[in-house]
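Please open the model in a viewer and keep the sequence panel at hand. The tour below proceeds by selection, and each stop states what is to be found there.

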Amino acid sequence: MSLKYAVLAALLEGESSGYDLAKRFDVSVANFWSATPQQLYRELERLAGDGLIAARVVQQERRPNKRMFTLTDTGRQDLRDFTAEPPRPTTIRDEFLVKIQAMDEGDPDATRNLLEERLEWARGKLARYERLRDHLLGGLSEEEYLRDAERIGPYLTLMRGRAFEEENLRWGEQVLEILARRKAVGGGG
């Protein structure tokens, strides 16, 4: 999949400037697709050129003018077609897991430190996801939200992001426990 569909899906939230889209992307889409602001701006230009989104200029008094982007009917149809296609199987390419695989030849303390950093990062991401969840629910129960919300896709992907980070925490804590037991009995690590 290309960045194209992640951007089109993000624009389902409504008209957005490139700056606002980058912020929205970082909060809601980043749990399943990452991109730099520069990549987003290039993709917005490409999508506008392909007629999948429309751009309009908003005049501003004390700031530079900004471009606002919306989905076109062609873009919506392309997104509908995309959602009907079977996705490619997910693959994992994680440099950290290569380090874990090779840890027996490395520095066990460095590996533990890297793992603890990864766990801290996952905790922070999970906290951001919880704030986003609270914002999306807006005081409703999950059941009420899923029954009555106009769009549930963002919530469903948020659920997946939360589950992913929760599993990262579970696995990481398990690995730390294994390493501590091995160290206690004089084994490697």
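**First stop: helices H1 and H4**

Select Lys-4, Tyr-5, Leu-8 and Ala-9 in H1, and then Gly-75, Asp-78, Leu-79 and Phe-82 in H4; these two groups of residues meet. The model in view is a predicted one. Draw the two helix axes if the viewer permits: those of H1 and H4 lie 10 Å apart, and the helices pack at an angle of about 115°. The crossing of H1 and H4 is left-handed.

Keep Lys-4 and Asp-78 displayed as sticks. These two residues form a salt bridge, in which the closest N and O atoms are 2.8 Å apart. Lys-4 belongs to helix H1 and Asp-78 to helix H4 (residues 73–84), so the pair ties together parts that are 74 residues apart in sequence. Is Asp-78 buried or exposed? Its relative accessibility is 17%, and Asp-78 therefore counts as buried, since the cut-off for buried is under 20%.

**Second stop: helices H1 and H3**

Leave H1 displayed and add H3. Here Leu-3, Lys-4, Val-7 and Leu-8 of H1 meet Gln-39, Leu-40, Glu-43, Leu-44 and Leu-47 of H3. Lys-4 and Leu-8 in H1 were also part of the previous selection, where they faced H4. The axes of H1 and H3 come within 10 Å and cross at roughly 85°. H1 and H3 are therefore roughly perpendicular to each other.

Now centre the view on Val-7. Setting aside residues up to four places away in sequence, Val-7 touches Leu-21, Phe-25, Leu-40, Glu-43, Leu-44 and Leu-47.

**Third stop: the nonpolar cores**

In soluble globular proteins, nonpolar side chains tend to be buried together. Which residues have the most contacts inside the largest nonpolar core? Select Val-7, Leu-8, Leu-11, Phe-25, Leu-44 and Ile-53 to see them; the core as a whole has 19 residues. At least two residues of this core come from each of helix H1 (3–10), helix H2 (18–29), helix H3 (37–49) and strand E3 (66–71). H1 gives the most to this core, supplying 6 residues. Apart from this core lies another, of 11 residues, which includes Ile-100, Met-103, Leu-119 and Leu-179.

**Fourth stop: Ser-17 and Glu-15**

Move to Ser-17, which is placed in strand E1. Ser-17 is buried, with a relative accessible area of 5%. Leaving out its neighbours within four places in sequence, the contacts of Ser-17 are with Lys-66, Arg-67, Met-68 and Phe-69.

Next, select Glu-15 together with Arg-56. Their side chains meet in a salt bridge, at 2.6 Å from N to O. Glu-15 lies in the loop between H1 and strand E1 (16–17), whereas Arg-56 lies in strand E2 (residues 53–58), so this pair ties together parts that are 41 residues apart in sequence. Glu-15 counts as partly exposed, at 34% relative accessibility, and Arg-56 is also partly exposed, with a relative accessible area of 45%.

**Fifth stop: helices H6 and H8**

Turn to helix H6 (residues 108–137) and H8, whose axes come within 9 Å and cross at roughly 155°. That angle makes H6 roughly antiparallel to H8. In passing H8, H6 makes a left-handed crossing.

Within H6, select Trp-121. Is this residue buried or exposed? Trp-121 counts as exposed, at 51% relative accessibility. A C-alpha to C-alpha distance label from Trp-121 to Leu-169 should read 9.6 Å, although the two are 48 residues apart in sequence.

**Last stop: further salt bridges**

Side chains of opposite charge can pair when their charged atoms come close. The structure holds 17 salt bridges. For one of them, select Glu-167 and Arg-170, whose side chains meet at 2.7 Å, N to O. Both residues lie in helix H8 (residues 153–184), 3 residues apart, which is about one turn of the helix. Glu-167 is partly exposed, with a relative accessible area of 35%, and Arg-170 is partly exposed at 44%.

To finish, select Asp-109, Arg-112 and Lys-183, which are linked in a network of salt bridges.

Notes
Residues are numbered from 1 along each chain as its sequence is written. This is a predicted model: local features need pLDDT of at least 70, side-chain atom pairs count only at pLDDT 80 or more; totals for chains, interfaces and linings use all residues. Side-chain values use heavy atoms; hydrogens and water are left out. A nonpolar core is a set of buried Ala, Val, Leu, Ile, Met, Phe, Trp, Tyr and Cys residues joined through side-chain atoms within 4.5 Å. Buried means under 20% relative accessible area, exposed over 50%, partly exposed in between (1.4 Å probe, protein chains only). Helices (H or I, at least four residues) and strands (E, at least two) are DSSP runs, numbered from the N terminus. Contact means heavy atoms within 4.5 Å. A salt bridge is a side-chain nitrogen of Lys or Arg within 4 Å of a carboxyl oxygen of Asp or Glu. Axes are lines fitted to C-alpha atoms, for helices over the stretch in contact, and angles run from 0 to 180 degrees between N-to-C directions. Angles under 35 degrees count as roughly parallel, over 145 as roughly antiparallel, 65 to 115 as roughly perpendicular and the rest as oblique. A crossing is left-handed if the near helix is turned anticlockwise from the far one by less than a right angle, and right-handed if clockwise.
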